[in-house]
Amino acid sequence: MPTPLSAQPIRRLTMSDLQSCADLAEDRDWAREEHKWGLLLASSTAYGIDDPTGDGLAAVCVVTSYGPADRPELAAIGMMLVAGRHARQGLGRRLMNHALHEAGDTPLTLYATPFGRPLYEKLGFTDVGEAETLLGHLRSPEHPPRVATRPATAGDLPALVRLDTEVFGADRTHLIARLPAFADRLRVAEEDSTLIGYAAVWPTPAADVVGPLIARDTETAKALISSLADGSERPVRTVIDLRHKELLNWLKDHDLKPVTLTTLMAYGDRDLPGDRSRRFAPFNMATG
């Protein structure tokens with residue numbers, strides 16, 4: 001007899017689980033995004049519960065930690081998925097409780113959909129912001145950007161990591177160092193030889209995703225997005241913090257359409273680190 005679902009252990013996932021993770025995402029009508037799953041399984045800690053019938057995974061979630069490995073300063077929870085055939089059996093709560101236990105005193109954050117938000121509120125997460133996902137073919141700006149950008153080089157990586165750590169509020173070198181291989185394009189903006197912003201675009205089956213996007217100001221953010229989208233015929237998707245109204249309006253004026261609203265949440269009564277005035281878009285919603 002197969003082990004009952006309630007008795008299935010929570011285990012750490014490995015790269016060998018990539019296809020099962022993509023299958024589970026597809027089961028819930030999410031895009032497969034195997035490219036992103038590869039990054040998550042390589043750079044984060046993924047927890048899963050196997051389907052007792054042997055039919056792949058029943059549930060999964062991913063935790064990405066930032067800062068020193070022995071004392072993380074921040075962690076992001078994402079990709080919380082439960083197979084449709086096992087919905088409403090407590091698997092999501094069980095995985096979340098496991099992630100909270102493993103995190104200990106580390107501050108936690110996540111992006112919540114309206115569907116998942118009630119569970120996170122019951123577990124002690126509170127709202128700290130909102131973000132809007134936009135999608136479409138970005139129309140070229142009528143006037144050239146006022147901020148110059150260029151492709152990033154290997155020599156930019158130390159300065160890029162320093163800027164990212166300052167703005168994000170925690171060291172995520174292990175993730176940022178993978179950007180040159182993960183992204184299709186990675187561009188930087190600088191002034192007087194000082195880096196003032198950077199952004200990447202990476203592929204999914206349906207669109208090119210812009211993220212992360214860190215910039216000194218809105219004009220720098222516009223220039224980076226425009227340069228990343230220039231010459232591409234694929235749709236662009238990005239997630240913009242609602243605090244950045246000017247950029248959101250500019251993107252909508254240039255033919256990107258709103259898709260969804262998500263809520264940024266933090267565990268307990270905690271302020272998130274970093275400078276959100278310069279943090280326009282996350283790497284992705286799973287990693288923050």
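This is a short walk through the structure, one selection at a time.

Keep in mind as you click around that this is a predicted model.

**Stop 1: a pocket**

Start by selecting Arg12, Thr45, Tyr47, Val63, Ser65, Pro72, Ala75, Ala99, Glu102, Ala103 and Thr106, which line the second largest pocket. Its volume is about 160 Å³. Now colour strand S2 (45-50), strand S3 (57-66) and helix H3 (91-103), since each of them supplies at least two residues of that lining. Which element gives the most to the lining? That would be H3, with three residues. If you colour the lining by class, you should get six nonpolar, three polar and two charged residues.

**Stop 2: aromatic rings**

Next, show the aromatic side chains; the whole structure has five aromatic pairs. Pick tyrosine 120 and phenylalanine 125: the ring centres are 6.1 Å apart and the planes sit at 65°, so this pair is edge-to-face. Both tyrosine 120 and phenylalanine 125 are buried. Add Tyr267 to the selection and you have a cluster, with ring pairs linking Tyr120, Phe125 and Tyr267.

Then jump to phenylalanine 182 and phenylalanine 283. Here the ring centres are 5.8 Å apart and the planes are at 40°, so the pair counts as tilted. This one links distant parts of the chain: phenylalanine 182 belongs to helix H7 (residues 179-182), while phenylalanine 283 is in the segment after strand S13 (279-281), 101 residues apart. Are these two rings buried or exposed? Phenylalanine 182 is buried, at 6% relative accessible area, and phenylalanine 283 is buried too, at 1%.

**Stop 3: an arginine with two contacts**

Select arginine 172 and look at what surrounds its side chain. On one count, arginine 172 lies over the face of phenylalanine 168, 4.0 Å from the ring centre. On another, arginine 172 makes a salt bridge with aspartate 164, and the closest N and O atoms are 2.7 Å apart. Both charged partners are tucked away: aspartate 164 is buried with a relative accessible area of 1%, and arginine 172 is buried at 2%.

**Stop 4: a salt-bridge network**

Side chains of opposite charge can pair when their charged atoms come close. The count for this model is 27 salt bridges. For a linked set, select Asp23, Glu26, Arg32 and Glu34, which form a network of salt bridges. Centre the view on arginine 32: it bridges to aspartate 23, with the closest N and O atoms 2.7 Å apart, and arginine 32 also meets glutamate 26 in a salt bridge at 2.9 Å, N to O. Aspartate 23 is partly exposed, with a relative accessible area of 39%, and glutamate 26 is partly exposed as well, at 42%.

**Stop 5: backbone oddities**

Switch the view to the backbone. Most residues other than glycine have a negative phi, and most peptide bonds are trans. Go to glycine 211 and proline 212, where the peptide bond between them is cis, with omega near 0°. Proline 212 is in strand S10 (residues 208-215).

Where does arginine 88 sit? Look in the loop between strand S4 (74-82) and H3. Its phi is positive, near 60°, and arginine 88 is exposed, with a relative accessible area of 82%.

Finish at aspartate 255, in the loop between helix H9 (245-253) and strand S12 (257-267). Phi of aspartate 255 is also positive, near 80°. With a relative accessible area of 34%, aspartate 255 is partly exposed.

Key. Residues are numbered from 1 along each chain as its sequence is written. This is a predicted model: local features need pLDDT of at least 70, side-chain atom pairs count only at pLDDT 80 or more; totals for chains, interfaces and linings use all residues. Side-chain values use heavy atoms; hydrogens and water are left out. On a 1 Å grid over the protein atoms alone, a cavity is a set of points where a 1.4 Å probe fits but cannot get out, and a pocket is an open set with protein on both sides within 12 Å along at least five of seven lines; lining residues have an atom within 4 Å of a point. Grid points are joined across faces, edges and corners, and a volume is the space filled by probe spheres set on the points. Helices (H or I, at least four residues) and strands (E, at least two) are DSSP runs, numbered from the N terminus. Ala, Val, Leu, Ile, Met, Phe, Trp, Tyr, Cys and Pro count as nonpolar, Asp, Glu, Lys and Arg as charged, and the others, Gly among them, as polar. Rings of Phe, Tyr and Trp (its six-membered ring) pair if their centres lie within 6.5 Å; planes under 30 degrees apart count as stacked, over 60 as edge-to-face and the rest as tilted. Buried means under 20% relative accessible area, exposed over 50%, partly exposed in between (1.4 Å probe, protein chains only). A charge sits over a ring if NZ of Lys or CZ of Arg is within 6 Å of the ring centre and within 35 degrees of the ring normal. A salt bridge is a side-chain nitrogen of Lys or Arg within 4 Å of a carboxyl oxygen of Asp or Glu.
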